[in-house]
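Here is a protein model to explore piece by piece. Keep the picture open while you read.

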Amino acid sequence: MVTLLLDSAQLEIVLSGAERLTAFRKRNIVVERSSITRAQLTDDPWTWLRGTRGCSTYVPGVTAAGTWRTGVGDDFAVIRAKRPGVVIDLDESAEFSRIILTTRHGVALLRALRLDGGDEPTDVAELAPDAD
């Protein structure tokens with residue numbers, strides 16, 4: 001499962017080794033907080049996949065990890081099974097136009113994004129511990 005680190009300037013999505021492999025990605029994803037236009041919870045992240053599969057692994061209903069190409073930019077997804085998740089829409093300055101993740105820390109992420117955040121990256125589960 002991805003780890004979400006947040007500080008006053010950015011959100012970092014830390015991918016595990018398996019997630020890096022299936023998403024064909026060498027580095028973590030770093031998103032400037034100022035480029036986040038919307039973040040919302042979803043019970044079914046699969047419905048948010050759009051476009052055509054780029055560099056990614058896709059097994060319907062099991063896993064989706066990697067890049068999807070759309071007319072408005074690239075989306076990045078790490079989705080597993082039938083788990084709830086979060087959808088993060090980004091402005092045109094970001095590497096991706098949308099990020100879709102399954103995470104049990106979705107509520108904590110949304111609460112933490114409302115906080116100013118500190119200078120050091122902190123796991124969102126620690127920033128908003130009463131969210132889960």
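What follows is a short tour of a sheet, some aromatic rings and an arginine.

## A sheet of four strands

Start with the big caveat: this is a predicted model. In it you'll find an open sheet made of four strands, and their order across the sheet is E3-E2-E1-E10. The pairing is antiparallel. At the edges sit strand E3 (29-32) and strand E10 (122-123), each of which has a partner on one side only.

Now zoom in on E2 and E3. Strand E2 covers residues 10-14, and four bridges join it to E3, with the two running antiparallel. Want a spot to click on? Look for Gln 10, which stands opposite Glu 32 in E3.

## Rings that meet edge-to-face

How many aromatic pairs does a search of the whole structure find? It turns up three. In one of them, Tyr 58 and Trp 68 have ring centres 6.1 Å apart and planes at 80°. Planes over 60 degrees apart count as edge-to-face, so that's the label for Tyr 58 and Trp 68. This pair ties together distant parts of the chain: Tyr 58 belongs to strand E5 (residues 52-59) and Trp 68 to strand E6 (residues 63-70), and the two are 10 residues apart.

Are these two residues buried or exposed? Tyr 58 has 36% relative accessibility, so it counts as partly exposed. Trp 68 has just 5%, and because buried means under 20%, Trp 68 counts as buried. There's company too: Trp 46 joins Tyr 58 and Trp 68 in one aromatic cluster.

## A tilted pair

Next up are Phe 76 and Phe 96, an aromatic pair with 5.4 Å from centre to centre and 45° between the planes, which makes it tilted. Here again the pair links distant parts of the chain, with the partners 20 residues apart. Phe 76 lies in strand E7 (residues 73-80), while Phe 96 is in the loop between strand E8 (85-90) and strand E9 (98-102). Both Phe 76 and Phe 96 are buried.

## An arginine in a loop

Last stop: Arg 33. Where is it? You'll find Arg 33 in the loop between E3 and strand E4 (36-42). Its relative accessibility is 14%, so Arg 33 counts as buried.

Try finding Asp 7 as well. Along the chain, Arg 33 and Asp 7 are 26 residues apart, and their C-alpha atoms are separated by 8.6 Å.

Terms used:
Residues are numbered from 1 along each chain as its sequence is written. This is a predicted model: local features need pLDDT of at least 70, side-chain atom pairs count only at pLDDT 80 or more; totals for chains, interfaces and linings use all residues. Side-chain values use heavy atoms; hydrogens and water are left out. Two strands pair if DSSP finds at least two bridges between them. Rings of Phe, Tyr and Trp (its six-membered ring) pair if their centres lie within 6.5 Å; planes under 30 degrees apart count as stacked, over 60 as edge-to-face and the rest as tilted. Buried means under 20% relative accessible area, exposed over 50%, partly exposed in between (1.4 Å probe, protein chains only).
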